[in-house]
Protein chains: 2
Amino acid sequence: MLCFALHSAAHAMHAAYAPLLEPLGLTYPQYLALSALAARGDQTVSELGADLRLESNTLTPLLKRMEAAGWLSRRRDDRDERQVRLSLTDEGRALAERAAGVPRAFGEKTGLDLAEITDLRDILSALRDRLKPARG
Amino acid sequence: MLCFALHSAAHAMHAAYAPLLEPLGLTYPQYLALSALAARGDQTVSELGADLRLESNTLTPLLKRMEAAGWLSRRRDDRDERQVRLSLTDEGRALAERAAGVPRAFGEKTGLDLAEITDLRDILSALRDRLKPARG
DNA sequence: TTCGATTTAATCGTGTGCGATCTAATTACC
DNA sequence: GGTAATTAGATCGCACACGATTAAATCGAA
């Protein structure tokens, strides 16, 4: 069953990430949001959601917790007040830098070499996009 | 980033399964539990947890919902009353049969051929076991 | 220009997941 | 045989994740 292999591998990946993120005070989805904002700069909630494949009903409470932690600010856009613009605080950017080493530490845990990691990543990304195109 | 590819592929897999399971009234974890019990026969909560890589704090409420739906029974073992034995009802077995076709329908959605599916499944299972050995 | 359609977040309810803790039952050891 | 250690589930609190709905802002067509 491919489905269970995929499910349980993602599960194990989560478990492997947890001890790496726990010292930073981050959950895995928070880490993804922080990294996306650090990589792409300020974004709206929907833009971030398109990147992470998450809806506002998931992101809103997650982002509020990150705002309460002092890592980002949420402000209504002046031009279009329906949109909420997200920007990392200095503290958030500093945390993102500290978190930048985490994927390398995870890569070592996998026991795969760089080529294997790249191949697997591409296969999974293609599978994801076939199952669920971004913004669709 | 392998981690995001894995995370988002599992996410997309979930989304692809949902419309297949919804007519049966099953969530994805419930489908896994039902399939495991149908395949392996009666099990205790910990045995099922070892298969699915889940703890009792996750399984107990899930199994109670499935018991309330009439798909399985939970009974303390006579020999060792710490253990709870799970067995599918007739209704549960019938549902498991109806659900047996779901992986095939999912396989078609992936657009992969059988060899690709098998390869990917083995790679992911091996990765999972390296990250998090069963029962350990 | 105005009123309906669309877009964007937020809110609510349900269902996982897990760490920490609890209770009850069983086993191990002196 | 009695007490400590272990084991099996259950409970609690927190954090996602999503479907459905709501509210507000904006857009568009008659």
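These are my notebook entries on a predicted model of two protein chains with two DNA strands.

**Entry 1: chain A, overall**

I started with chain A and counted its secondary structure, which comes to 7 helices and 3 strands. Reading from the N terminus, I wrote the order down as α-α-β-α-α-β-β-α-α-α. I then took the extent of the C-alpha trace along its principal axes, and chain A spans about 50 × 35 × 25 Å. Chain A has 136 residues, and 28% of them are buried. I also looked at contacts in chain A with a separation of 6 or more: 48% of those link residues 24 or more positions apart.

Next I checked the domain assignment. It gives chain A a domain 1 (18-100) and a domain 2 (103-131). Over C-alpha atoms, the centres of these two domains of chain A are 24 Å apart.

**Entry 2: the sheet in chain A**

In what order do the strands of the open sheet in chain A lie? I read it as β1-β3-β2, with antiparallel pairing. The edges are β1 (43-44) and β2 (72-76) of chain A, each of which pairs on one side only.

I went through the pairs one at a time. β1(A) is joined to β3 (residues 84-88) of chain A by 2 bridges. Along that pair I found Thr44(A) opposite Arg85(A), and Gln43(A) opposite Leu86(A). On the β2(A) side, 5 bridges make the link to β3(A), again antiparallel. Here Arg74(A) stands opposite Leu86(A). So I have Leu86(A) in my notes twice, facing Gln43(A) and facing Arg74(A). A reminder to myself on the general point: strands of a sheet pair through backbone hydrogen bonds, parallel or antiparallel.

**Entry 3: the strands in chain B**

I repeated the exercise in chain B. Strand β1 (residues 43-44) of chain B has 2 bridges to strand β3 (residues 84-88) of chain B, and the two run antiparallel. Gln43(B) sits opposite Leu86(B) there. Strand β2 (residues 72-76) of chain B is joined to β3(B) by 5 bridges, also antiparallel. For that pair I noted Leu72(B) opposite Leu88(B).

**Entry 4: how the two chains are related**

What rotation superposes chain B on chain A? I got 180°, with 0.0 Å of shift along the axis and an RMSD of 0.0 Å. That is how a two-fold axis relates its copies. The same surface serves both copies, as 100% of the contact residues of chain B recur in chain A. I also asked which residue of chain B comes closest to the rotation axis. It is Ala10(B), whose C-alpha is at 3.2 Å.

**Entry 5: the A-B contact**

I counted 34 residues of chain B in contact with 34 residues of chain A. On the chain B side, α1, α6 (102-110) and α7 (114-131) each supply at least two residues. Of these, α1(B) gives the most, with 15 residues. By class, I have 22 nonpolar, 6 polar and 6 charged residues on the side of chain B that touches chain A.

**Entry 6: DNA strand C**

I moved on to the DNA. There are 26 residues around strand C, and the closest are Thr44(A), Ser46(A), Asn57(A), Thr27(B) and Asn57(B). Chain A supplies at least two residues from each of α1 (2-21), α3 (45-52) and α4, while α2 (28-40) and α4 of chain B do likewise. The largest share, 5 residues, comes from α4(B). The class count near strand C is 8 nonpolar, 11 polar and 7 charged.

**Entry 7: DNA strand D**

Which residues are closest to strand D? Out of 24 that surround it, I listed Asn57(A), Thr44(B), Ser46(B), Asn57(B) and Thr60(B). The elements giving two or more residues are α2 (28-40) and α4 (56-68) of chain A, plus α1 (2-21), α3 (45-52) and α4 (56-68) of chain B. α4(A) gives the most, with 4 residues. For the surface near strand D I have 7 nonpolar, 11 polar and 6 charged residues.

One last cross-check: Asn57(A) and Asn57(B) are on the list of closest residues for strand C, and Asn57(A) and Asn57(B) are on the list for strand D.

Key:
Residues are numbered from 1 along each chain as its sequence is written. Chains are lettered from A and ligands numbered from 1 in the order in which they are written. This is a predicted model: local features need pLDDT of at least 70, side-chain atom pairs count only at pLDDT 80 or more; totals for chains, interfaces and linings use all residues. A residue is near a molecule or strand if its C-beta atom, placed from the backbone, lies within 6 Å of it. Ala, Val, Leu, Ile, Met, Phe, Trp, Tyr, Cys and Pro count as nonpolar, Asp, Glu, Lys and Arg as charged, and the others, Gly among them, as polar. Copies are superposed by least squares on the C-alpha atoms of residues with pLDDT of at least 70 in both. Two residues are in contact if their C-beta atoms, placed from the backbone, lie within 7 Å. Two strands pair if DSSP finds at least two bridges between them. A residue is buried if 20 or more other C-beta atoms lie within 10 Å of its own, exposed if 12 or fewer, and partly exposed in between; C-beta atoms are placed from the backbone. Domain bounds come from an automatic or database domain assignment.
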